[in-house]
Structure formats: C-alpha cells, structure tokens
Amino acid sequence: MSEQAVRAREFKASGIAADDLPDGLVVADETGRIVCFNAAASRITAVPADFALGRALVDVLPLEDLKGRRWWTLTDPYGGLAIRGGQPERNLLLPGGREVLVSARYVREEPRGRVCRVVVSLRGTEARRRSERSHAELIATVAHELRSPLTSVKGFTRTLLRKWERFTDDQKRMMLETVDGDADRIARLIAELLDISRIDSGRLELRRQPVDIAAAVGRNVHAHISAGQRADRFLVQLAHPLPDLWADPDKIDQVLGNLLENAVRHGEGMVTIEVAPATAKDDEKGTAVIVSDEGPGIPEESLSRVFTRFWRGSKRGGTGLGLYIVKGIVEAHGGTITVGRGPGGGAEFRFILPVGAPAYLA
C-alpha cells in the first residue's frame, strides 16, 4: 500500500466524515500529495477521488485567478513566508473555465515551522450567482418602476414652469395632484427597498407597544373605502375577547395594507377579514388575521412562490415585493403566515402573531 493511501486511511480513521461535509475538502500532506478528496470536492471539480488521491495538489487542482495566473505559484504554500496561516476565500478558475470559490489553511507543526498539511475548502458559485441574479432583478425592477413616475413628475413640472400662465387653475391643480401622486409612488418604492434591505440583513427594528388589531383592521378598510371602493365589498368578522397584542403598530398597518390591497387589486367579490384568538408557535397565545377574497385564487403550482421577491399574481401592476415584505415583518414579530384557497374560492392569507408582551408583564 502506498504512503498516500496509508495517509488517506489514517485521515478516515480520525473520526472526520469528510464525505458528509457540504463543501469540498481537499487535504495535502507535507509533500504536497493529496490524502483526502471528499465527495463534494469531486462534484465541484468533476475530478474522481480515486484519481486525485496520491497525486500532487497543484496537478489535480491547477487553479488560476481571473487574470490567468497560476494560483499555487502565486501563493506558494510550502515555500512562502512562515508567518502565513492560509488564504482567504476567492473566486478561481479550473481548466475549462469552471469557477470555484477556494480558501486554504496552512497547518504547521509549530509556529513558523514547516507546513505539514494544506487544507483546501471548495465551494460552488451557484449560490453567489443566484444572489447576483436576484440583485440584478431588483435593480431592473426598481429602474422600471421609477421610470414612469419620474417621467410624469419631470414632464408636468417642466410644462408648468415654462407655460404657467397658459393654464387655468383647474389644469394646474390636476397636474400638481398627478405630481403629488407620483411622488407618493416613488416614496413607497423607496420604503419597500429599505424594508427589503433590513429584512435581508436581519436589521428590521420593531417598536413594540399595545396594538388594537380590530381598530387597525377598521382603519385600513376605511382607507380603501375612502379611495373609492364600495363599503359593501368588505366584511369584517371579529371574535371576542382578543388577547392583548404587543407589536409595532406601523408594521402591522403595513401588513394589513398590503394584504387588503392585494385582495382588492388581484381578487374579486367580497373581501373578508377575520380576527380571532389563536395559538402561536410554542403554544403561546396569539391573534390570527385571515384576509380572503372571492376571485380566481392562486394556482396550486404558484403557492410556494407567493412570498418570494417579484412574484406577481396578475398583470395588474405592483412591484412584486409587497408579500415578501409582509412575510419578513410577520416573522420578525415571531409569527407565521400562510396562503391557500379561501371558502369563496379566492386567495386566503392567514397570519398569526404571538402576544409578544414584554417579560415584566408575563
């Protein structure tokens, strides 16, 4: 049995299940020969483990940087400075242009001693590519949504400045009301972007205080009626008594506003809002809010994508970001939200918020 095979067996016997690791793991001994090449490394590099074991690290992984320079020549793990502990993760290329994220650790027998092992971690670039595509889609969506109101604002303001005296007061009012509405649209989009940034980074701040959820529902329904919706299109059902709810009132209004707007814009018929006591996660007391309509509903194959970015239930406008934000807000409160088909055949959104009372009130 070769020395490399003995080393590989010793490595396996050390209690480390290399093939169970989600990332690629490659270990080379003091001579630069590979003694471990796990299953993930084989998948990422398309190099069989049987071929890699016992061969030189630089031959099995002929890595190059994005400028075409040989990475092992640049880093020189065995002959470089003795104070180095490894290499941070960076994007490198394998033969054929295959991209891989590589980081390395230099293991020494003693501080500043010779390198006895080089441990290399490999990761595929699929997750990074998905993230880059998501950011590109977000930028494209924002640019598209901003173009229309900004064009309107610029056009009307330029026209008014140049030809103010030619318009009647009613015409001026109409133009200024349009500019005001488009400015509100831009402000909402900017607020959505800030919310997404905070949700993605885990920095969404909640200012918890007692919330009258029934009053919040009534306030949001009244806002839609004031905007021109028929009062008989809304049915509010409240179950009493409701538990005290501690939450961020502005964020709860945002959740209710998004769900009601979604039902009004994309649904049909009666919009029903039900509020009732419920059991939240970990058997905690909570409040459930159900918003349903009588429209065509959401296709079964789309239910899993409803709370993702850019999902649109129809072509009736919107950025496709509202439900993503709703889910982030509900979960930041420790609650849950689900979607399904309502009794009237339309979409039904149900979210449950735990009481969330401060510890001194528990």
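Here are some questions and answers on the cores, one helix pair, some backbone oddities and strand β1 of a predicted model.

Residues are numbered from 1 along each chain as its sequence is written, and side-chain values use heavy atoms, with hydrogens and water left out. As the model is predicted, local features need pLDDT of at least 70 and side-chain atom pairs count only at pLDDT 80 or more, while totals for chains, interfaces and linings use all residues.

User: Which helix gives the most to the largest nonpolar core?

Analyst: A nonpolar core here is a set of buried Ala, Val, Leu, Ile, Met, Phe, Trp, Tyr and Cys residues joined through side-chain atoms within 4.5 Å. Buried means under 20% relative accessible area, exposed over 50% and partly exposed in between, with a 1.4 Å probe and protein chains only. The largest such core has 43 residues, and I273, F349 and F351 have the most contacts inside it. Seven of its residues come from the top contributor, where helices (H or I, at least four residues) and strands (E, at least two) are DSSP runs numbered from the N terminus: that's helix α9.

User: How many residues are in the other core?

Analyst: This one lies apart from the largest core. Its members include F37, W72, L92 and L122. The count is 24 residues.

User: Is V217 buried or exposed?

Analyst: V217 sits in helix α8, residues 213–226. Skipping neighbours within four places in sequence, V217 is in contact (heavy atoms within 4.5 Å) with V236, L256, I273 and V275. Its relative accessible area is 1%, so V217 is buried.

User: What separates the C-alpha atoms of V217 and V236?

Analyst: V217 and V236 are 19 residues apart along the chain. Both also turn up among the residues in contact with I273. Their C-alpha atoms are separated by 8.1 Å.

User: At what angle do α9 and α10 pack?

Analyst: Two packed helices are described by the angle between their axes and the distance between the axes. Here the axes are lines fitted to C-alpha atoms over the stretch in contact, and angles run from 0 to 180 degrees between N-to-C directions. The axes of α9 and α10 (residues 322–332) are 10 Å apart, and the angle is about 145°.

User: Which peptide bond is cis?

Analyst: Look in the loop between β7 (234–238) and β8 (245–247), where P241 has its place. Omega is near 0° for the bond from H240 to P241.

User: What is the phi of R112?

Analyst: R112 is in the loop between β4 (99–108) and β5 (115–123). With a relative accessible area of 66%, R112 is exposed. It isn't a glycine, yet phi is positive, at about 65°.

User: And what is the phi of D76?

Analyst: D76 lies in the loop between α5 (71–75) and β3 (86–93). Its relative accessible area of 36% makes D76 partly exposed. Again not a glycine, D76 has a positive phi of about 45°.

User: Why is β1 largely enclosed by the rest of the structure?

Analyst: G24, V26 and A28 point one way from β1, and L25 and V27 point the other way. Strand β1 (residues 24–28) is largely enclosed because the number of its five residues that are buried is five.

User: Which residue of β2 stands opposite V26?

Analyst: Strands pair if DSSP finds at least two bridges between them. β1 runs antiparallel to β5 with five bridges, and V120 is the partner of V26 there. Three bridges join β1 to β2 (residues 34–37), also antiparallel. In β2, V26 faces F37.
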